[in-house]
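Welcome! Here are a few exercises to work through at your own pace, each followed by a solution in steps.

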Amino acid sequence: MIQKQILFKEGDVLDDELIKQSERKLRRFSFLNEAKIKVVPVDDQSVDVEVRTRDAWTLVPGLGINGGGGLATGTVRLEELNLLGYGKKLLAEGIYESDVGWTGKFGYRDPQLFNSRWVGSVTYTTGPLVESLFVGA
């Protein structure tokens with residue numbers, strides 16, 4: 001996943017702008033806290049390039065309770081922002097409303113659908129008042 005974001009490859013002429021752009025591409029991922037690319041001289045004609053990243057905590061739990069006017073709402077949510085280290089997102093959410101009942105929401109998002117520049121997502125919602133499937137690319 002990280003290597004696919006780098007805009008240069010072994011044997012290319014050193015280009016500071018491509019290094020900066022590659023760092024920016026890496027920093028856009030929410031599952032990375034830090035991304036740095038360092039040039040290390042080897043001799044007069046060659047360099048090594050070190051790409052260092054620091055992962056963020058990617059499992060995001062959520063719990064919410066609201067009430068008023070005789071009605072209560074509770075929400076339980078679990079979201080993974082870097083599924084199996086591939087940068088894909090997975091979501092499961094349950095919402096309980098005292099006057100309606102349970103509604104479940106499940107989602108998946110792929111920022112590089114089939115290793116392309118396409119972003120794909122699927123969201124399924126089901127409950128007493130709703131049944132929907134959204135597929136987008």
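## Exercise 1: A charged residue inside

Glu80 is buried yet takes part in no salt bridge, and its nearest side chain of opposite charge, Lys89, is 10 Å away. Keep in mind that this is a predicted model.

**Task.** Find where Glu80 lies, which side chain it joins in a polar contact, and which residues it is in contact with.

**Solution.**
- Step 1. Locate the residue: Glu80 lies in strand 4.
- Step 2. Apply the cut-off: a salt bridge needs a side-chain nitrogen of Lys or Arg within 4 Å of a carboxyl oxygen of Asp or Glu. With Lys89 at 10 Å, Glu80 has no such bridge.
- Step 3. Look for a polar partner: the side chains of Glu80 and Thr58 are joined by a polar contact of 2.5 Å.
- Step 4. List the surroundings: setting aside neighbours within four places in sequence, Glu80 is in contact with Thr58, Leu59, Lys88, Lys89 and Leu90.

## Exercise 2: The sheet

**Task.** In what order do the six strands of the open sheet stand, and which strands are at the edges?

**Solution.**
- Step 1. Read across the sheet: the order is 3-4-5-6-7-8, with antiparallel pairing.
- Step 2. Find the ends: strand 3 (59–68) and strand 8 (131–136) each have a single partner strand, so one side of each has no neighbour in the sheet.
- Step 3. Check the angle: on average, neighbouring strands of this sheet are turned by 10° against each other, direction ignored.
- Step 4. Take one pair: strand 4 (residues 71–83) and strand 5 (residues 88–97) are antiparallel partners over nine bridges. In strand 5, Leu91 stands opposite Glu79.

## Exercise 3: Salt bridges, inside and outside

**Task.** How many salt bridges are there, and are Asp110 and Lys88 buried or exposed?

**Solution.**
- Step 1. Count: there are eight salt bridges.
- Step 2. Start with Lys9 and Asp12, whose closest N and O atoms are 3.4 Å apart in a salt bridge. Lys9 has 59% relative accessibility, so it counts as exposed; Asp12, at 36%, counts as partly exposed.
- Step 3. Go on to Glu50 and Arg52, whose side chains meet in a salt bridge at 3.3 Å, N to O. Here Glu50 is partly exposed at 28%, and Arg52 is exposed at 57%.
- Step 4. Turn to Asp110 and Lys88, a salt bridge with its closest N and O atoms 2.9 Å apart. Asp110 lies in strand 6 (residues 101–110) and Lys88 in strand 5, so the pair ties together parts that are 22 residues apart in sequence.
- Step 5. Use the cut-off for buried, which is under 20% relative accessible area. Asp110, at 6%, is therefore buried, and Lys88, at 17%, is buried too.
- Step 6. Look for a network: salt bridges link Arg77, Glu79 and Glu93.

## Exercise 4: A residue before the helix

**Task.** Where does Gln5 lie, and what does it touch?

**Solution.**
- Step 1. Place the residue: Gln5 is in the segment before helix 1 (16–27).
- Step 2. Check its accessibility: with a relative accessible area of 1%, Gln5 is buried.
- Step 3. Find a polar partner: a polar contact of 3.1 Å joins the side chains of Gln5 and Arg28.
- Step 4. Complete the list: not counting residues up to four places away in sequence, Gln5 touches Ser22, Lys25, Leu26, Arg28, Phe29 and Gln112.

Notes. Residues numbered from 1 in each chain as written. Predicted model: local features only at pLDDT ≥ 70, side-chain atom pairs only at ≥ 80, totals over all residues. Heavy atoms only, no water. Pairing = 2+ DSSP bridges. Helix = DSSP H or I, 4+ residues; strand = E, 2+ residues; numbered from the N terminus. Axes fitted to C-alpha atoms, helices over the stretch in contact; angles between N-to-C directions. Buried < 20%, exposed > 50% of the residue type's maximum accessible area, 1.4 Å probe, protein only. Lys, Arg positive; Asp, Glu negative; His and termini not counted. Polar contact = N/O pair within 3.5 Å; in protein donor to acceptor, adjacent residues only side chain to side chain. Contact = heavy atoms within 4.5 Å.
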